[in-house]
Amino acid sequence: MTQSLRPFLRLSRLAPLMLLIGCGSASQSQAAKGGAAEDALTTVAMARDRHAGVGTELADADAGADEAGVDEAVARPDPALTEDARHYPVDYRVRFLPDEGAAAVTIALGRGSGHLSRLDFHMPASRYRAIEGDGKVERNGDRLVWAPPRNGGELRYRYRIDHERGSGGYDARITDDWALLRGDDLVPSARTRGTRDTYAQATLHFDDLPEGWSAETPWKPAHGGGDAVVNPDTRFDRPTGWILAGRLGVRRESVEGMAVSVAAPIDHAARRLDVLGATNALGIELQRVFGRLPPKLLIVLAPDPMWRGGLSAPRSLYLHEHRPLISENGSSTLVHELVHVVSGIRGVKGEDWIAEGIAEYYSIELMSRIGLLSEDRRQRALEWMKNHGRRVKTLVADSSSGKRTARAVTLLAALDREIRESGDEDASLDDVVRQLASSGGKASLAELRELTADLIGKPSTVLQQAVVE
Ligand SMILES: [Zn+2]
């Protein structure tokens, strides 16, 4: 696209969003009155933000080959499609049981050119019960080992859905009207053994949904029914990401080729079109910075008693329906989570500040680029971050939130300035994060230093500060 067309396109994209925001004057003035409360809420939300959400507790213990990161949309050859690859069909069948607060799950392995001989799941008895299956099923502490018959077979269990975060608010919940949960937990990660070069042809089905219910997932429909679950990174493809089922209102749109669905239970105050409008306007900027968009993005909004923040997952994100598009400090939970999903960037151990800092920095930056934050407001947002993180002595930590992330934003803003002042007028932090995103998403300080040095022709001074060590 030529440069001269961009401002026009930008405006035409924003027009519906501006109208929507203009219409919501009542809620706007309420938000304005609640400024201080909103600030507090933002801080709380930042402090609790974790991009892996509820899944971490159950899945992180197994964060090995089968743990799908948020990077699965990377355009790389799918090993399952190579000539030598063997396949086995696997159907995930899910039935929601609101009366029991659970989902009944069946994992049905079929007969294919390859097979799995052993699946070793992380399935603590507190969440997974009534487990039975064909072949051999054995519990060993929190592990559940299933050796299916060679021709395939079924593993059946009940998964208890409700999960309250330590700090209050649910991150998985089933009611009589809806269910919101992570597919990563519904089907926990497993260490697998099987024939060499074997890959799943996985499909997710919802059986006997209660009357009036439908289900939304981050996956596209499969030929022959259900949703096709495809993850090139693993041979036991699980339906990772957010799943929302119930009496739903859903708005859909294609944003730069990405199929976006914004779903929320009906009869609640969710502002689906605000979220869709913002995502629409942000699409081209997200693509420009991170170089790619996933084929599908599911955004789920839900009311109390869900946790009042945002949580990202593969190809999907959750946002409490009361989260504002832009917080009073100038950051945006929606954009923060969008950056996690689209970039797939996650810090290596001890360097979570890189992923969290990038998500928070670009939540301000991208809202400014689409014209929803004035330059003055953008500067104030960066000032807020500077002040909020001023006492942070080190960015090094396994998990970054609140003040540490604010400190990371200040560092990244300085890094962006250093790159822009380095001589090449077109270079910016965008070039560094795009490379981080395209190289699989795992980000370390060493990599950040190397990419920056390559770009500006000398080691970055900003990245020598004591706070990063
Ligand atoms: Zn985050």
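**Exercise 1. Establish how strand 20 is covered on its two faces, and how strand 20 pairs with strand 21.**

Solution. Strand 20 (residues 310-313) is covered on both faces, since Gly-310 and Ser-312 on one side and Leu-311 and Ala-313 on the other are all buried. Here a residue is buried if 20 or more other C-beta atoms lie within 10 Å of its own, exposed if 12 or fewer, and partly exposed in between, with C-beta atoms placed from the backbone. Strands (E, at least two residues) and helices (H or I, at least four) are DSSP runs, numbered from the N terminus. The model is a predicted one, in which local features need pLDDT of at least 70 and side-chain atom pairs count only at pLDDT 80 or more, while totals for chains, interfaces and linings use all residues. Residues are numbered from 1 along each chain as its sequence is written.

The next step is the pairing, for which DSSP must find at least two bridges between two strands. Strand 20 pairs with strand 21 (residues 316-320) in the antiparallel sense over 4 bridges, and Leu-311 stands opposite Tyr-318 in strand 21. The hairpin of these strands has 2 residues between them, and Arg-315 takes a positive phi near 55 degrees there.

**Exercise 2. Describe the surroundings of strand 18, beginning with its burial and going on to its partner strands.**

Solution. In strand 18 (residues 258-265), 7 of the 8 residues are buried, so the strand is largely enclosed by the rest of the structure. Strand 17 (residues 248-255) runs antiparallel to strand 18 and is joined to it by 8 bridges, with Pro-265 in strand 18 as the bridge partner of Leu-248. In the hairpin of strand 17 and strand 18, 2 residues lie between the strands, and Glu-256 takes a positive phi near 50 degrees. Strand 18 also pairs with strand 19 (residues 296-302), in the parallel sense and over 5 bridges; the bridge partner of Val-262 in strand 19 is Ile-299.

**Exercise 3. Characterise helix 8 by its span, its kink and its burial, and then trace its part in the largest nonpolar core.**

Solution. Helix 8 (residues 352-369) has 18 residues and reaches 25 Å from its first C-alpha to its last, close to the 26 Å expected at 1.5 Å a residue, where the expected span is 1.5 Å times one less than the number of residues. Centred on Tyr-362 is a kink of about 25 degrees, the bend at a residue being the angle between axes fitted to the seven residues ending there and the seven starting there. Helix 8 is mostly covered, with 17 of its 18 residues buried, and just after the helix Gly-371 takes a positive phi of about 85 degrees.

Turning to the core, a nonpolar core is a set of buried Ala, Val, Leu, Ile, Met, Phe, Trp, Tyr and Cys residues joined through C-beta atoms within 7 Å. The largest one has 111 residues, and Val-300 and Ile-358 have the most contacts inside it. Helix 8 gives the largest share of this core, 10 residues. Domain 1 (3-59 + 259-468) and domain 2 (77-249) both give residues to the core, so it lies between them; the domain bounds come from an automatic or database domain assignment. Not counting residues up to four places away in sequence, Ile-358 touches Val-339, Ser-343, Ile-345, Leu-412 and Val-433, a contact being a pair of C-beta atoms, placed from the backbone, within 7 Å.

**Exercise 4. Decide whether Gly-330 and Glu-418 are buried or partly exposed, and list what each of them contacts.**

Solution. Gly-330 lies in the loop between strand 21 and helix 7 (333-343), and because 22 other C-beta atoms lie within 10 Å, Gly-330 is buried. Leaving out residues up to four places away in sequence, Gly-330 touches Ile-364, Leu-373, Arg-377, Arg-378, Arg-380, Ala-381 and Trp-384.

Glu-418 is in helix 10 (residues 402-420), and because 16 other C-beta atoms lie within 10 Å, Glu-418 is partly exposed. Apart from neighbours within four places in sequence, Glu-418 is in contact with Ser-460, Thr-461 and Val-462.

Terms used
Contact = placed C-beta atoms within 7 Å.
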